[in-house]
Amino acid sequence: MKQDMILVLDLGSEENPRLAREIRALGVYSEIHPHDITLEELKALPNVKGIILNGGPNRVVDGVEIDVSKDIYNYDVPVLLADHKGDKPWPADPAERKEALSNFVFGLCGAQANWNMDNFIADQVELIREQVGDKKVLLALSGGVDSSVVAALLIKAIGKQLTCVHVNHGLLRKGEPEQVVEVFRHQMDANLIYVDAVDRFLDKLAGVADPEQKRKIIGAEFIRVFEEEARKLDGIEFLGQGTIYPDIIESGTKTVKAVKSHHNVGGLPEDLDFQLVEPLKMLFKDEVRACGKALGLPDGMVYRQPFPGPGLGVRCLGAITRDRLEAVRESDAILREEFAKNGLEGKVWQYFTVVPDFKSVGVKDGKRTFDWPVILRAVNTVDAMTATVEDVPFALLQKITARITAEVKGVNRVLYDLTPKPCGTIEWE
Ligand code: XMP
């Protein structure tokens, strides 16, 4: 293993992820582990140069103050107590925190600043090969950032022992399924099974207007299609997963209750009993992107904006029809193209179009039209819990309007959604 590590033991502080990030920002790898880690588990972790015990408001669990075992205090590396309520208050000022951390990490622990993507990738390649041996791995490759980066890492580690399955459910953005095939099959020479399940999904969704019902159908059908493909393959023992650190943190720790439940293996049947390979599970999102970049994935794949699992399905409001779905896909492509041309790509957090299921009257070439409106949405946020609306230049909104009404079939009006979250959500469904 190439990287030194500073271990953060969770004594109930919600600030642990921030602390781990601050240590990584110094160039030293850091992981958070539960307070009840055993000496054996600790010894099994590679290159631990120091331990930080970080307590806080959740230190008292069920009326009892939790602590790490004596063995940990006596372990042969420097230990820092960063308890918020204890006798060593942790500085709030970022510069002071940085200095305190640097002193501990480099001065006391003598850690090397060797946390970088090349070393991370080299370590993971080694670990993946160790875990998988000569066995086969299956991966659902949506083309999103996390699954694409896992795919690229697994291809580097085990090449053709990996089989990727890309399910095209018809709800992806324009050009996405093609890009997955181009990058992974043609450029990276991966085993890629492309499943055209468009008709299957759209048939299942026909007439279904309730947003939660639509989500359920899309999720369940996805698992069914993936499972069918998995059953066709022989001798697969492992399932690759694009789990990243925030997924694990949000699922809750021993001291902090789950923010939201996280189901990565969404209900695969028990007889498809895979072991998981999750090489990104210790990375924050920006690190996942850096990893993808270092592995040679195109910028368009690595820096793309968030895209919901049910895809355009929740942007074609009400019961999905093929013509309105195409109107969503085409208008979205125009919006993305214009944002890219005008320097807004990578600046605005999320932007997309929505097509509602009602029509309005318009006029074109002297004739009455009765067509759909397209709603534009462009928002900025840090955590998606609240969001503000991007102040898009009026001239650009006019240009996008002109293009959409001229180029997208069945559309005669364009609106810009000015609603922040709250009280609107980011998506319309
Ligand atoms: P809302 O609409 O709740 O969206 O303000 C917040 C963020 O979550 C995304 N989103 C989803 N992502 N499956 C997902 O994977 C979903 O069903 C889903 N619904 C919303 C949304 O795009 C935004 O980034």
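Here are three short exercises on the predicted model shown above, each with a worked solution.

**Exercise 1. Overall size**
Work out why the radius of gyration of the protein chain agrees with that of a compact globule.

*Solution.*
- Start with the chain length, which is 429 residues.
- For that length, a compact globule would have a radius of gyration near 22 Å.
- The protein chain has 24 Å, so the two agree.
- For the outer dimensions, picture a box of roughly 85 × 50 × 40 Å along the principal axes, filled by the C-alpha atoms.

**Exercise 2. Inside and surface**
Find what share of the residues is buried, and describe the contacts, the exposed area and the charges.

*Solution.*
- Taking buried as under 20% relative accessible area, you should arrive at 50% of the 429 residues.
- Next, take the contacts with a separation of 6 or more: 77% of them come from residues 24 or more positions apart.
- Now turn to the surface, where about 20400 Å² is exposed and carbon and sulfur atoms supply 52% of that area.
- Finally, count the charged side chains: 53 are positive and 66 negative, and the centres of the two sets lie 5 Å apart.

**Exercise 3. The neighbours of strand E7**
Among the 14 helices and 16 strands of the chain, locate E7 and identify the strands E10 and E8 that pair with it.

*Solution.*
- E7 covers residues 136-140.
- On to E10, residues 236-240: four bridges join this strand to E7, and the two run parallel. Here Leu 138 has Leu 239 as its bridge partner.
- E8, residues 162-168, is also joined to E7 by four bridges, again in parallel. In this pairing, Ala 140 stands opposite Val 165.

Key:
Residues numbered from 1 in each chain as written. Predicted model: local features only at pLDDT ≥ 70, side-chain atom pairs only at ≥ 80, totals over all residues. Heavy atoms only, no water. Rg over C-alpha atoms; globule rule 2.2 N^0.38 Å. Buried < 20%, exposed > 50% of the residue type's maximum accessible area, 1.4 Å probe, protein only. Contact = heavy atoms within 4.5 Å. Areas by Shrake-Rupley, 256 points an atom, 1.4 Å probe, with all protein chains shown as cover. Lys, Arg positive; Asp, Glu negative; His and termini not counted. Charge placed at Lys NZ, Arg CZ, Asp CG, Glu CD. Pairing = 2+ DSSP bridges.
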